[in-house]
Amino acid sequence: MKTKQFAFLESNTTGSGHVFIKKALELGFEVLFLTQNPDRYPFLKKLDINIIVADTLDQNLLISKLKSYDQLAGLMSTSEYYIEMAAMVAIALGLPGNNVNAIKSCRNKHVFYRKLENSRFNIPLTWFFGQLDSIFTHKNQFIYPVIVKPILGTGSIGVKKCNNLAELLDHAAQLFNETQNERGQQTEKGILIQNFIVGREFSAELLINHDKFFPLGITAKHTTNNNYFIETGHDFPAVLDIKMTKKIWDTLKNLLSFLGYTFGPVHIEFKIQNNEVILIEVNPRLAGGMIPELICRACEIDLYTIIILLYSNQEVNFTELSYNGASIRFFVPKQSGLIVQLSNLGKIKELPNIIAVHLTKNVGDRITIHHDYRDRIGYLISSGQNSVLSGKIADEAFQQFSVEIACDQKGRLSEKPNPTIMRILQKTPNDEKTRKELLLISEIDLAHLLMLYKENILPLEKTSQIIREIYFLRENLEKCLPTLDFSRGNYYAYENYLTQKLGIEISGNNHIARSRNDINATLFYLTSRALFIKIYKKIVSLCRLLIEKAILSTHVPLPVYSQHQPATPGNYSFYLLAVHHPVLRILEDLQHISRHMNQSPLGCGTGSGTEIPINALYVAQLLGFESTYSNALDAIANRDFALRYKSILANLSVIISRIAQDYQLWTTVEFDFFELPDSICGSSSMMPQKKNPYILEIIKSKTMDLIAHLFGTFGKMHKVPIGNSIEVTSAAYDNIETISNESLDILDLLILVIGHAKPKAENMIVSHQKGITYATHIANQIMKNEGCSFREAHLKVGNIIKMVKENQTDPFESFLKYLDPTYTLSKDMLIYDIIDQLKFGSGPASSCISDQIKQANNHLNTMSDWLTDKENTWNKAKIRLFETSNTLLKSAVTKYCITEKHAVIDDVVTTQ
């Protein structure tokens, strides 16, 4: 008789997933394990199973692979993220499986609450929001505290209790910013906001086989006593009176029938408030948090085997359970850092009725606080005659455990420095510069040689000989570099190499109608082109980030400043868009000077052209230039492109320095508007309390360097006669790569700051109140209501402020009578309301912000598309250059019977 197979689709990474596989093996099954990444599961290495690597999100592929196993008895998943897929595949293969629609209704919390909102079941008042802006329009409907959570997920990931609007909007923005879950899968857009239910929290575990319900028991849950909901322990079974127990089971059975839940385990979370069952979540799977282990211990059953028998369509006896008590307590550190000591583990293991102690982290391991199940580093399990006793035993044992955390020997900081900062600060000399320059010189030569042949100035045989040697040098550049003589610069090293290989009678033709002046000028533009692309793209990235952050920040009430004082109501979106515009104008400036960069100087010689009948436009086109210079002296003598390019980067540096200055002020203790992560901050060598956002000082320092480089170029080119001059050419070349790379560095650093800066809306509100930023609004109200001039209203408000300052009273109370009589909101909310009224003159109102974001996006897309077109043109030119060279060499092979080993290979273009 053939061995039957049982398949698992992915798994949770610890606990029950491993246990299920071992149980299936004990039952005599050949186990199939389908996964996209076996390395995710360390326990697989210890098991004798058949691992099938496949795209586990491709239903048709999974069905196809499993169809080849003719003895397949069952398929299941222990991972939250693959339960739905497992059910779809199982049903398609005729195997036991749950109702897929029921699974979807449970997993997607938005669908779940929408399905139940008009039913007889009790649920928290719930709102769904698909975008951040829409939350703000409903801000007056919430009664705090509220729960903010993603619509999909497990283990309390992303779930937070928010106590005011600022916290709500801040956490909502973070959730909207998350595009992938911890498995790297794309997340569905949307969040839920719910009324917070005060009451004891429980979960119920059931097994279902169509019309048969098998209640396993109810678990009492312990969670952290803060704004997050990490489960710190469970007691099974929960102590409840008979009447409430019956009410719970009746409610849950009716609920599952209502949802169409027909098969398998189910884990239902609920609270009891005023003797009512308030449903929180239904999870279409076995419980996590080691609850199955508690059930097995307390009921003396093998729950894992029962479930495998259920999924393999075997008979399962639903017998009446008897209960002892079992409890679990999780070890949850309170801070990030390195574990330096774990105390009393041995002692705890020896205590009576402690039946398991397990750690997932050890001394030397790093802890990162996520505020969800991932914070747990281990657990202990106790047993007793009932759950009250087992809970007491667990608590007493837990009190003896301690974990000592050190913050990676960094004192104030708990994160390693960001890799981008390390790259910039620990930069090594760029050894690639010479190699890149020689490759560009070779491309200039190829274009020139192809033109000489095309214009019948140089015969095919000599042209092909030089081109073949150029190709050889490109292919073997690393080997050739040590042999080159760079005493007179890169170009002479390159030219001498060709002369040594071919003799001056052949290689000397390469210099027909050319000078080092027009070669160097062309090389300068080609080098600048590569730098230009990098700078342009990085600025586009910054602009894109500014827009993305603006979309998420309309709720962040950042004041608008005047003379360093909070002046008027505003928001963070308004600020980000305000700095986006000048940065975008830098792109416009770069586009403008690109016309200069797209003129080829090759053929202008020393500044007076040549008498040889060359085709300069053909060379220009092969190198990706749009045109040639109309005046040879201009091409050689005037390197003003360098001045304009450096001026643009200096202008950019001024903008960035101002932004950095803002964030440096806003991250001080006095402002405390933004929090930066430890990874982009430093600490003090002497003052242990300090956390220094030194990255902002680096930005400001580097921006000054760019300005200094510009003025250095001005000084070198000043009063130099119009003609070929080393003073001018060296000034143009001087530091062009350095300042470009410096600009890329400061852009990278600024992107880090803006990307990681976490706003603190509540502190911004305080600044609004201290700065009385609503004063202009009050003056406008007085002007409207009393029919006076604005200046009269302005003076009246000023006098009131002077009076309240002298009396040290709250100005808000003095201004209440001037507000709309129907106004009932707090002074915190007044700021938000005023912001939304600033819709004229391109202010920060949400309607204006939406328009500004749309315009900014459209403009940026146009700017980005422009560079894409340019890059395509330049890339096509390079491909044409090498294709034309290859064609010429193949012609030479045919005409002169050159041996094949000397001919160019077809894919030589890959060496560009």
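Buried here means under 20% relative accessible area, exposed means over 50%, and partly exposed is in between. Keep that handy for the exercises below, and remember that the model is predicted.

**Exercise 1. Decide whether Ser767 is buried or exposed, and find what it touches.**

Step 1: place the residue. Ser767 belongs to helix H27, which covers residues 761-771.
Step 2: compare with the cut-off. Ser767 has 13% relative accessibility, so it counts as buried.
Step 3: look around it. Leaving out residues up to four places away in sequence, Ser767 touches Pro559, Tyr561, Pro566 and Phe673.

**Exercise 2. Do the same for Asn37, then see how far it is from Gln180.**

Step 1: Asn37 sits in the loop between strand E2 (30-35) and strand E3 (50-53).
Step 2: its relative accessible area is 34%, so Asn37 is partly exposed.
Step 3: go from Asn37 to Gln180 and you cover 143 residues in sequence, but 17 Å in space, C-alpha to C-alpha.

**Exercise 3. Work out what kind of ring pair Phe6 and Phe29 make.**

Step 1: start with the general idea. A pair of aromatic rings is described by the distance of the centres and the angle of the planes.
Step 2: get the total. The structure has 29 aromatic pairs.
Step 3: apply the idea to one of them. The ring centres of Phe6 and Phe29 are 5.5 Å apart and the planes are at 55 degrees, so this pair is tilted.
Step 4: find the two ends. Phe6 is in strand E1 (residues 5-9), while Phe29 is in the loop between helix H1 (16-26) and E2, so the pair ties together parts 23 residues apart in sequence.
Step 5: check burial. Phe6 is buried at 0% relative accessible area, and Phe29 is buried too, at 7%.

**Exercise 4. Now try Phe196 and Phe229, and say what sits over the ring of Phe196.**

Step 1: the centres are 6.4 Å apart and the planes are at 40 degrees, so Phe196 and Phe229 form a tilted pair.
Step 2: Phe196 lies in the loop between strand E8 (191-195) and strand E9 (200-209), and Phe229 in the loop between strand E10 (212-223) and strand E11 (231-236); the pair links distant parts of the chain, 33 residues apart.
Step 3: Phe196 is partly exposed, with 24% relative accessible area, whereas Phe229 is buried, with 16%.
Step 4: the charged end of Lys161 sits over the ring of Phe196, 4.8 Å from its centre.

**Exercise 5. Find which residues touch the most other members of the largest nonpolar core.**

Step 1: that core has 119 residues, and Ile539, Leu590 and Tyr663 touch the most other members.
Step 2: see which helix gives the most. Helix H19 (residues 516-551) does, with 18 residues.
Step 3: zoom in on Leu590. Setting aside neighbours within four places in sequence, Leu590 is in contact with Phe532, Ile535, Tyr536, Ile539, Tyr645 and Ile648.
Step 4: follow Tyr663 as well. Tyr663 is in one aromatic cluster with Tyr572, Tyr575, Trp666 and Phe674.

**Exercise 6. Check whether the span of helix H15 agrees with what you'd expect.**

Step 1: H15 covers residues 460-475, which is 16 residues; at 1.5 Å a residue, they should span 22 Å.
Step 2: the end C-alpha atoms of H15 are 22 Å apart, so the two values agree.
Step 3: pick out its buried residues. Among them are Leu460, Ile466, Arg468, Glu469 and Arg474.

Notes
Residues numbered from 1 in each chain as written. Predicted model: local features only at pLDDT ≥ 70, side-chain atom pairs only at ≥ 80, totals over all residues. Heavy atoms only, no water. Helix = DSSP H or I, 4+ residues; strand = E, 2+ residues; numbered from the N terminus. Buried < 20%, exposed > 50% of the residue type's maximum accessible area, 1.4 Å probe, protein only. Phe/Tyr/Trp six-rings, centres within 6.5 Å; stacked < 30°, edge-to-face > 60°. Lys NZ or Arg CZ within 6 Å of the ring centre and 35° of its normal. Core = buried A, V, L, I, M, F, W, Y, C linked by side-chain atoms within 4.5 Å. Contact = heavy atoms within 4.5 Å. Expected span 1.5 Å × (residues − 1).
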